[in-house]
Amino acid sequence: MFQGWLAMSETRAGEGHLMVCPMLKEETAYFLLRPFFEAVKGRGEIGYLRAENWRLEESMSSVLQGAVPANGQELNEFMHPHLGLDDTMVHVPSVRPGDYVVWHCDTIHAVDKIHNGTSDSNVMYIPACPLTEANAEYLARQRETFAEGTPAPDFPSGEGESHHRGRLTPEYVMKNISPKAQQAMGLAAYDSDQKGIQERERGVLRRANEILGFEGT
């Protein structure tokens, strides 16, 4: 799966722009192993970041630094000091309306903490992911939250747009948006009888239809 931004305004570094840590292999290894280690010396002491100052937890805990149930995991300098995020996060190139920026879903990403621009930084969050059984199951759950106007299942919880007047609804999508978009939102069945696809692709489409409640389609 890839996360994506569709730019709706001109935005550059320092103006609420996207930042990523490009060391995917190293950062992933670090935040996966981080819960198993603890510091010997306290923060602020000389040698705090040195390898010899860190040891396996003497008593294993269930702590996963920055992770809170029903919320995305937060990585920061305090809980993940060796990542050096103040120095390793880099901006993506400047964007103009219509530019689409894609990054791997495991990449550490953030936006500028301070917006020094003169206008809003507007984007549409449009991820890109393959159709798999797991993603179809997620889509079914996302469809429910979309109908309720609440954040997607893997986003921080809250009321979202549930009380907004004029918000996008499944009914509007079915009347005004293209069939491809309806399928992408789990509101319409995938065409498993289309020509030119392999049998395994056809099988994936049929399985997705079953998960989404379009059995026999």
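**Exercise 1. Salt bridges**

How many salt bridges does the count come to? Find the total, then follow the pairs that involve Arg55 and helix α6.

*Solution.* Before starting, note that this is a predicted model, where local features need pLDDT of at least 70, side-chain atom pairs count only at pLDDT 80 or more, and totals for chains, interfaces and linings use all residues. Residues are numbered from 1 along each chain as its sequence is written, and side-chain values use heavy atoms, with hydrogens and water left out.

Step 1: fix the rule. A salt bridge is a side-chain nitrogen of Lys or Arg within 4 Å of a carboxyl oxygen of Asp or Glu. By this rule the count is eight.

Step 2: take Glu38 and Arg55. Their closest N and O atoms are 3.1 Å apart, giving a salt bridge. This pair links distant parts of the chain, 17 residues apart: Glu38 sits in strand β3 (residues 37-39) and Arg55 in strand β4 (residues 54-56). Strands here are DSSP runs of E with at least two residues, helices are runs of H or I with at least four, and both are numbered from the N terminus.

Step 3: add the surroundings. Buried means under 20% relative accessible area, exposed means over 50%, and partly exposed lies in between (1.4 Å probe, protein chains only). Glu38, with a relative accessible area of 23%, is partly exposed; Arg55 is partly exposed too, at 33%.

Step 4: look for another partner of Arg55. The side chain of Arg55 also meets that of Glu58 in a salt bridge, at 3.6 Å from N to O. Glu58 is exposed, with a relative accessible area of 65%.

Step 5: move to helix α6 (residues 199-211), which holds both Glu199 and Arg202, three residues apart, about one turn of the helix. Their side chains form a salt bridge of 3.1 Å, N to O. Glu199 counts as exposed at 55% relative accessibility, whereas Arg202 counts as buried at 12%.

**Exercise 2. Cysteines**

How many disulfides does the structure hold? Check Cys21 and Cys105 in turn.

*Solution.* Step 1: a disulfide is a pair of cysteine sulfur atoms within 2.5 Å. The structure holds zero of them.

Step 2: for Cys21, the nearest cysteine sulfur is that of Cys105, 15 Å away, and Cys21 is in no disulfide. For Cys105, the nearest cysteine sulfur belongs to Cys129, at 9.3 Å, and Cys105 is in no disulfide either.

Step 3: compare the burial. Cys21 counts as buried at 1% relative accessibility, while Cys105 is partly exposed at 30%.

**Exercise 3. Val101 and the surface patch**

Is Val101 buried or exposed? Describe its contacts, then turn to Met124 and the nonpolar patch.

*Solution.* Step 1: Val101 belongs to strand β6 (residues 100-104). With a relative accessible area of 17%, Val101 is buried.

Step 2: contact means heavy atoms within 4.5 Å. Leaving aside residues up to four places away in sequence, Val101 touches Gln3, Gly4, Trp5, Leu18, Val92 and Val95.

Step 3: now the patch. Patches are built from residues with over 30% relative accessible area and no salt bridge, joining like charges within 9 Å and nonpolar side chains (Val, Leu, Ile, Met, Phe, Trp, Tyr) within 5 Å. Phe2, Met8, Tyr100, Val102, Met124 and Ile126 make up a nonpolar patch on the surface, together with about 520 Å² of accessible area. Such areas come from the Shrake-Rupley method with a 1.4 Å probe, and for residues only the protein chains shown count as cover.

Step 4: Met124, one of these residues, lies in strand β8 (residues 123-125) and is partly exposed, with a relative accessible area of 40%.

**Exercise 4. The whole chain**

What does the secondary structure of the protein chain come to? Add the overall dimensions and the contact pattern.

*Solution.* Step 1: the protein chain has six helices and eight strands, running β-β-α-β-β-α-β-β-β-β-α-α-α-α from the N terminus on.

Step 2: the C-alpha trace spans about 65 × 45 × 40 Å along its principal axes. The radius of gyration is 21 Å, whereas a compact globule of 217 residues would be near 17 Å (taken over C-alpha atoms; the globule rule is 2.2 Å times the number of residues to the power 0.38).

Step 3: among contacts with a separation of 6 or more, 64% come from residues 24 or more positions apart. Buried residues make up 31% of the 217 residues.
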